[in-house]
Amino acid sequence: MDDRRDSRRPEFKPYRHPAAGWGAAKSVTGFILRQREPIDGARALLRMNQENGGFDCPGCAWPDDPGGLHLDVCENGIKHVTWEMTGKRVGRDFFAAHPVRELAKWSDTDLEAQGRLTEPLSYDPGTDRYVPISWPDAFALVGRTLRDLDSPDRAAFYTSGRLGNEATFLYQLMARELGTNNLPDCSNMCHEASGRALKAAIGTGKGTVDVHDWERADALFVFGVNAASNAPRMLTALAGACRRGAQVVHVNPLVEAGATRTIIPHEFARMAAFRTTPTSTKNVQPRIGGDMALVRGVAKALLELAETDPNALDADFLAAHTTGFERYRDVCARTSWAEIEHQSGVAVAEIRALAAVYRAAERTIVSWCLGVTQHEHGVDTVREIVNLLLLRGNIGREGAGPSPVRGHSNVQGNRTCGIDHRPDPAFLDRLGAVCGIEPPRRHGLDTVRTIEAMRRGEVTVFVGMGGNFALAAPDTPYTAEALRNCDLTVQVSTKLNRSHLEHGRRALILPCIGRTEKDHQAAGVQATSVEDAMSMVHLSTGMKRPASPHLLSEPAIIAGMARAALPDSATPWEGYVEDYDRIRDTMAQVLDGFEDFNRRVRQPHGFRIHQPARDREFRTASGRAEFSAAGLPDVVPAPGTLALGTMRSHDQWNTTIYSDNDRYRGIRNLRTLVFMNPDDMRERGLAEFDEVDVTSVAKDGSTRSLLRYRAVPYDIPRGCAAGYMPEMNVLCAIGDYSAQSDQPLMKHLKVTVEPSGRG
């Protein structure tokens, strides 16, 4: 374990440079060398996100370049791939030397830095160590435990966004053949609000635009997105929009580096000349939670313009394709400018300027990420965004529409291919008919309710496909206790992480091959498919020998568990694993938009799943796009409190932390910090790096604290604060989730910040 970071002096120097460019190149080079992969790390650049024979980046879900751009990669993508391809290994000798109680004291960075897992492992309570177990014995343990349950609903099957479509389909098939819809996933914590809002408003839970639309939009409004870190290849689209004269407006409490200017790494001439390109024409900083009021203000200003400007609204579209417009117009009229300004934290004049930008654009895309969704009123906010788009007919035509920015590479594909605790009845009908099973109809448990059920002893088996559930979930101590309360926890992983240490009475670690690695099966090397954030489905084929000969693919692991748990199943589990084309043939019969799957996915760039709303076919109850008319929530913090949002640092991907640095925010050697407005710091008598205690107040009045964090002055609105997840997940109580979406309120925690030791 490396403790050198603990003695390093924290540094803060505001970042004044462009995103990407030489800073990214330097960071990537150092990272590749530290992972001991200078050759394969460089080779990966030539195979990642490529049209023929390459593999899909296991990082973000931003679409591949439609022109087959060579080196369509980014800093975080290269880090993520190199992290997976590391030459370091964690074998049985490591676990023999380190009991779990010791590993529990290690940092999360140090745990993952040990390298790739090499063989299946079982927890031995007598020695407090993980010990090797054969694959047949591991599957037998899973199967026996599942068969012995008095109800299949006592098991839960979680997935992160790393799982490919074929494995996803098998995973949900196994759960439903067992008899449960307990399929919690990472979407429950990130974009559940987006899916529910879009489904209610336009009849589809996805955005309607594709990457070509981003190239044709006259205006782009980007809400709650840190593009340079969360979807770095998005910088290319933003820079291209600015070059062609489009308006690019970033709406975020923090002005991030990716919202200013960039040097795109694959533009070699510009990079060599240090020539930067703007990535925005305007930055707006609402208070945390103030996005809905801001969008309501833009709509109100547009409606006022329409009183004298007959072309401000698309009257024909409103009449032919929407319902609820009159009610929404009345709600906007009744919402005072004073209330809009108070709740948004943005001056009326600035809101009117945004409305002018929107009015002048013929084609507008509105994009958003977790800065919009992880709030109590996230569904209402996304619906307000759709309201704004409907006013000018910006849905169902080129260069316009809603565009949620998904995080992990296949999180959207997971939901498309059946990971949903509230499945559509029509989907279950097709699944049952094609696969010869009787799928359960009752709704299952989402992420929060799975944790609560484990804590109560109602769910006793937890299976996690990828990710680091113990860290990603809210209320970290509560979640850990819930996992420890299980009879069996199973984690399918590539590296050691915290979820292996917060385990049930019995526990398995089942190591799988990564997306960069060759997947050899009976029919030859297999490819898996993924769906990006804009509904493009394409194949991914690994390039490297697996990290260990004892690794299995995710489909093989799922099939092994399924056959052990369902010994009399008629499902051809072994046949599916022999040739993934067989899985895709079944998927083609079950999933809307996957017809002729095997042929279409082998086309250049794959295929796009049909989005009815893009053709102005709105599959809502009314058959039209539906306006919402929710009132504005009160998001202004009470005196003495702050609204705190959690976020990733730049040198981090989800719960994987590469270092204690955050280059784009000017931080070195520090993660236990809270960014604050300088006036809020002065009000509390705080100077830079002063130690503070951060205490959250939950809905039920309970409190949770992080002690001796460091206060860092930052350009953020008064009454707002920010800090890093997963460390700050402890502040989000298990009961602090949205009544609209059940999402944990990670971006809108009510906290107090006081000098450490006070009281």
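## Exercises on backbone, sheet and helix packing

His605 counts as partly exposed, because its relative accessibility is 30%. Buried means under 20% relative accessible area, exposed over 50%, and partly exposed lies in between (1.4 Å probe, protein chains only). The model is predicted: local features need pLDDT of at least 70, side-chain atom pairs count only at pLDDT 80 or more, and totals for chains, interfaces and linings use all residues. Residues are numbered from 1 along each chain as its sequence is written, and side-chain values use heavy atoms, with hydrogens and water left out.

**Exercise 1.** Place His605 and Arg708, and compare their phi and exposure.

*Solution.*
- Step 1: locate them. Helices (H or I, at least four residues) and strands (E, at least two) are DSSP runs, numbered from the N terminus. His605 is in the loop between α29 (597–601) and β23 (607–608). Arg708 sits in strand β31 (residues 703–713).
- Step 2: read phi. His605 is not a glycine, yet its phi is positive, about 70 degrees. Arg708, also a non-glycine residue, has a positive phi near 60 degrees.
- Step 3: check exposure. His605 is partly exposed at 30%. Arg708 is exposed, with a relative accessible area of 55%.

**Exercise 2.** Find the cis peptide bond before Pro726 and its setting.

*Solution.*
- Step 1: check omega. The bond between Met725 and Pro726 is cis, with omega about 5 degrees.
- Step 2: place the proline. Pro726 lies in the loop that links β32 (720–724) to β33 (749–755).

**Exercise 3.** Describe strand β21 and its hairpin with β22.

*Solution.*
- Step 1: test both faces of β21 (residues 528–531). Thr528 and Val530 on one side are buried, as are Ser529 and Glu531 on the other.
- Step 2: find the pairing. Two strands pair if DSSP finds at least two bridges between them. Here 4 bridges join β21 to β22 (residues 536–540), and the two run antiparallel. Thr528 has Ser540 as its bridge partner.
- Step 3: inspect the turn. The hairpin has 4 residues between its strands, and Ser535 in the turn has a positive phi of about 70 degrees.

**Exercise 4.** Work out the order and edges of the 5-stranded open sheet.

*Solution.*
- Step 1: write the order. It is β12-β9-β8-β14-β15, with parallel pairing.
- Step 2: name the edges. β12 (282–284) and β15 (401–404) each have a single partner strand, so one side of each lacks a neighbour in the sheet.
- Step 3: get the twist. It averages 15 degrees from one strand to the next.
- Step 4: take one pair. β8 (residues 219–223) and β9 (residues 247–251) run parallel and share 5 bridges. Ala219 stands opposite Gln247.
- Step 5: add a helix. Contact means heavy atoms within 4.5 Å. α14 packs on the sheet, touching β8, β9 and β12, and its direction makes about 155 degrees with that of β8.

**Exercise 5.** Characterise the packing of α14 (residues 291–306) against α18 (residues 348–360).

*Solution.*
- Step 1: fit the axes. They are lines through C-alpha atoms, for helices over the stretch in contact, with angles from 0 to 180 degrees between N-to-C directions. The two axes come within 8 Å and cross at roughly 65 degrees.
- Step 2: list the contacts. Residues of α14, including Leu294, Val298 and Leu305, meet residues of α18, among them Ile351, Leu354 and Tyr358.
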